[in-house]
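Me: Please take a close look at the second largest pocket with me. How many nonpolar, polar and charged residues does the lining have?

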Amino acid sequence: MLQKYRLTNLGLRCAAAIAITFTALNCAQAATPAASTIKAYKLCTGADNASHVLVGTIDQNMRNDVTAIHFKQTPAHAEYSWHNDPEPQYVITLSGTLDFATRTGEKFTLHPGEVLVAEDNTGSGHRWKLVDDQPWRRGYAVLKPGAADSFVPDDAAAAKVCKAP
């Protein structure tokens, strides 16, 4: 009986130690600021009439005025040549990895879970190409004309390249 008590007591101690360890690890992950941000890119038109790329995050506390939401899927390995965005919109990537480029040579890679704030409605435009074996599944949220977006640039000085909407 004493041996059974010791094994049970040891098992409870191990279980408690494991639970405390997992709780500590979980809290450590929750405190990591990078995990609480949503990576974003912004395509905008500059005073030079060229499309430019900004890197940043999305302000998750801001609400946006949108006029429409729609979804689209494009097959794996597709590409789309030079074009502008039809209207200011968020492009929320659900699957697929894409390489984007502007005519001035600025480039970025968009991954699932990242957001593209597409505001290069005029100017020289951009192109994209799917670079993995997944279709590009995405949602579009079209911004109301004149509405502010919730993009926060990593470099505020670089963001000055964009013309005011």
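Reply: Helices (H or I, at least four residues) and strands (E, at least two) are DSSP runs, numbered from the N terminus. With that, we can place His 77 in the loop between E3 and E4. Phi of His 77 is near 70°, which is a positive value in a residue other than glycine.

Before going further, keep in mind that this is a predicted model: local features need pLDDT of at least 70, and side-chain atom pairs count only at pLDDT 80 or more, while totals for chains, interfaces and linings use all residues. Residues are numbered from 1 along each chain as its sequence is written, and side-chain values use heavy atoms, leaving out hydrogens and water.

The average pLDDT (the predictor's confidence in each residue, from 0 to 100) is 84 for the chain, and 78% of the residues score at least 70. Over residues 4–33, pLDDT stays under 50, and the model has one contact beyond four places in sequence for them; a contact means heavy atoms within 4.5 Å. Where pLDDT is low, the predicted coordinates should not be read in detail.

One helix and eleven strands make up the secondary structure of the chain. The helix comes ahead of the strands as you go from the N terminus. Among contacts between residues at least 6 apart in sequence, 78% join residues at least 24 apart. Of the 165 residues, 34% count as buried, where buried means under 20% relative accessible area, exposed over 50%, and partly exposed in between (1.4 Å probe, protein chains only).

Now to your pocket. On a 1 Å grid over the protein atoms alone, a pocket is an open set of points where a 1.4 Å probe fits, with protein on both sides within 12 Å along at least five of seven lines, and lining residues have an atom within 4 Å of a point. About 250 Å³ of space lies in the second largest pocket, the volume being the space filled by probe spheres set on the points, which are joined across faces, edges and corners. It has 17 lining residues, and those closest to its centre are Tyr 80, His 83, Trp 128, Arg 138 and Tyr 140. Two or more lining residues come from each of strand E3 (66–74), strand E4 (79–83), strand E5 (89–95), strand E9 (126–130) and strand E10 (136–143). As for your count, the lining has eight nonpolar, six polar and three charged residues (Ala, Val, Leu, Ile, Met, Phe, Trp, Tyr, Cys and Pro are nonpolar, Asp, Glu, Lys and Arg charged, and the others, Gly among them, polar).

Let's stay with strand E5 for a moment, since Val 91 is found there. Val 91 is buried, with a relative accessible area of 2%. Beyond residues up to four places away in sequence, Val 91 touches Glu 114, Val 115, Leu 116, Ala 118, Trp 136, Arg 138, Gly 139 and Tyr 140. Val 91 and Phe 71 are 20 residues apart in sequence, and their C-alpha atoms are 9.3 Å apart.

For another buried residue, look at Thr 102, with 3% relative accessibility, in strand E6. Apart from neighbours within four places in sequence, its contacts include Leu 43, Val 53, Trp 82 and His 126. In the loop between strand E6 (98–102) and strand E7 (107–110) you will find Gly 105, which is partly exposed at 46% relative accessibility.
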